[in-house]
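Okay, thanks for coming, everyone. Let me put the model up and then talk you through a few parts of it.

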Amino acid sequence: MTMRIHNLLANMTLRVRLLLAFIGIVLLVGGLSALMGVGLLYRTLPHVQDVLAVDLGAAREIYRQYGAHIADAGRLMARRRNIRENLQRGDLDSLITPLQAIRQSEDLDILMLTDVRGDLLLPLKNRGQRIAVPGLATIVRQALRQRKEVSAAVVFSQAELAAESPELAERARIEVVSTPHTTVGEQTDASQGLVAAAAIPVTSDDGELLGVLCVGQLLNRRTAVVDRIKGGLYREETFEQRDVAIVSIFLGGKRIATTAASAAGDRAVGTLIAEDVYKHVLLGGERWIRPGYIVDDWYLTAYEPIRDPSGRVVGAVGLGLLERKFEETEHSAIAILVALTILAVILATALSYVLAKSIMKPVNSLIAATEKIAGGGSLEAIKLDRAPPEIEALGRAFNSMTAAIRARDQQLHRQTHDKLMRSDRLAMIGQLAAGVAHEINNPLGSILLFSRLVIQQVPPQGRIRENLDRIEKETKRCHVIVKSLLDFARERKPLVESLDVNEVLDMTLKLYEGQFLFQNIQVVREYGTQLPKIRGDQLQLQQVFMNIVLNAVDAMNGRGRLVLATKESAPAGFVEIAISDSGCGIPPENIERIFDPFFTTKGVGHGTGLGLSVSYGIVQSHQGDIAVSSAPGAGATFTVSLPVAEGTR
Ligand SMILES: Nc1ncnc2c1ncn2[C@@H]1O[C@H](COP(=O)(O)OP(=O)(O)O)[C@@H](O)[C@H]1O
Ligand SMILES: [Mg+2]
């Protein structure tokens, strides 16, 4: 599985990777913020309910103020001097006109006056009777007892309303309209009326209780209360041509006053309260704040019971806020978040495209340049315009690499050229020398033979003998030189055997160590351990090392430090033998010529100039190489590289 992902990743272009990274981040952030946004919205939903609870409190307060306003009207009457005086005097007839005037101006539906026992004084037709409406009777009793005004909601039956006036009974009548999520129950009596009533004690100037004034306003179909509540709380907010807020007053489970519109366009009175609300608010007497169905739509609703003077729940005040409006806010918030995320994805795509392009452009030109070089093209420096610093650094590294390769190329070229020249030269000299040596070798032999014969015939003392000895000695020297020349020129096939270079070096040194020549020379061996074997001719190689060592001793004038180091080359394949001395060193102008035959800086009779050229020939025939490095006064190092014998390790 992880392998698969690896492969998948490996096959992706930089552009796709960038794109995926960007989109991943955007989706992550976008998704998270969308989730958070939705979470936040849902967390604010209870918050809406809190607002509703506060609104419900405010609604009840406005409703209470409305009741107080009716009580005010009653108080206005009760304070009137002429009313109090006439009542004190028992002159009921002269009371009627002023009371009727106020009743008219304050739009009161109920107006009664009782004596201090609570028996009716007005209306005149019922004089002396008890108040028939139980709720009204209760608040009058309370007002008498407490000597202060009492207001409450009072339920009037049809008969009780009709007793006031037939017109009132007619106004109160509201037939039940069935709507979804409601049931027509026994709770609804079409003809009942809910009256906001107040009982106000009337007292004389000196505080004597004279009677109780009882006023009331029928709330059925009365729009003033609900409109005032709605106007006070929500103004005229609408959503999709629908009022956002609905305020209703219920008698039993029936809407008797409301701001909700019916299908016909007038007020939706007569519609019923939702079933569960009925259960909890009307029957249970609780507050209720929940989403619910009102008339024809879902609302966030809040209900508060209305109680009559005896404490019985007779109705409710209800508020509703259109749920769709909140949903709509929620949906539009989510829609905005989603739109933003999509926009961000598009932007990220574009951005990653541009970014990848800006990265890939210099990279592509790098690739092109590399391919050109790999294909044998010239080593040109590339120019990267406006590339990111990292890639610019890559470009710089690339340029310094091409520069280095160019320099090395040139050096290699020079070296091979030099080498070719040298081996050409050596081959030519070799041929010449071989020819000459061959021609000279036989006469030299004759000279030596005949001079020996002559020597035997002359007496051991005397000038002649001395000269003959010199002839023999010089001839021998010539013979040695000619032999060296032949050694150098001859195509020798080395005798091949497996050799340990350390051992070969030791054997070479053993020949000389302890001799006078080496008395003042410190020999240091820095042999590598576990060196691979080489294949070669032991005697020939010994000759090579000997030549180099003797040159070193010469250069050090018999006093100094000789270091012999061996190691395997890196990369492997060769064993390197480095022989360093602390001698006079080789001046640069001589370095190229020291391998030439007969090149010597030593005086006549001291050097033949053949040691290094012979060594060179031997090493070459071993498929090896010999190199020298030196600085004048700082000694010289000769490094012989010999190929490792295959299969030895
Ligand atoms: N270790 C060395 N230090 C300084 N010069 C050297 C060294 N080895 C060789 N040379 C120089 O290279 C020359 C050639 O050496 P070689 O071919 O052995 O001839 P010869 O030793 O007979 O002079 C020497 O004359 C000397 O000038
Ligand atoms: Mg020499």
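I'll go through the two sheets, then an aromatic pair, then the pocket.

Quick housekeeping: this is a predicted model, where local features need pLDDT of at least 70, side-chain atom pairs count only at pLDDT 80 or more, and totals for chains, interfaces and linings use all residues. Residues are numbered from 1 along each chain as its sequence is written, chains are lettered from A and ligands numbered from 1 in the order in which they are written, and side-chain values use heavy atoms, with hydrogens and water left out.

So, sheet one. It's open, with 5 strands in the order 9-8-12-11-10 and antiparallel pairing. Strands here are DSSP E runs of at least two residues, helices are H or I runs of at least four, and both are numbered from the N terminus; two strands pair if DSSP finds at least two bridges between them. Strand 9 (254-258) and strand 10 (288-294) sit at the edges with a single partner strand each, so one side of each has no neighbour in the sheet. The twist averages 35° from one strand to the next; axes are lines fitted to C-alpha atoms, for helices over the stretch in contact, and angles run from 0 to 180 degrees between N-to-C directions. Helix 9 (275-283) lies across strands 10, 11 and 12, at about 135° to strand 12, contact meaning heavy atoms within 4.5 Å.

Which rings pair up with Phe250? Tyr303 does: that pair is tilted, 5.8 Å centre to centre, with 55° between the planes. Ring centres have to lie within 6.5 Å, and planes under 30 degrees apart are stacked, over 60 edge-to-face, the rest tilted. Phe250 is in strand 8 and Tyr303 in strand 11, so the pair ties together parts 53 residues apart in sequence.

Now sheet two: also open, 5 strands, order 14-16-17-19-18, mixed pairing. Here the twist averages 15° from one strand to the next. Strands 16 (559-568) and 17 (574-581) run antiparallel, joined by 7 bridges, and Thr566 stands opposite Ile577.

Last, the largest pocket, about 1,000 Å³. On a 1 Å grid over the protein atoms alone, a pocket is an open set of points where a 1.4 Å probe fits, with protein on both sides within 12 Å along at least five of seven lines, and lining residues have an atom within 4 Å of a point. Of its 37 lining residues, those closest to the centre are Asn551, Lys602, Gly607, Gly609 and Gly611. Helix 14 gives the most, 9 residues.

Note on methods:
Grid points are joined across faces, edges and corners, and a volume is the space filled by probe spheres set on the points. Rings of Phe, Tyr and Trp (its six-membered ring) pair if their centres lie within 6.5 Å; planes under 30 degrees apart count as stacked, over 60 as edge-to-face and the rest as tilted.
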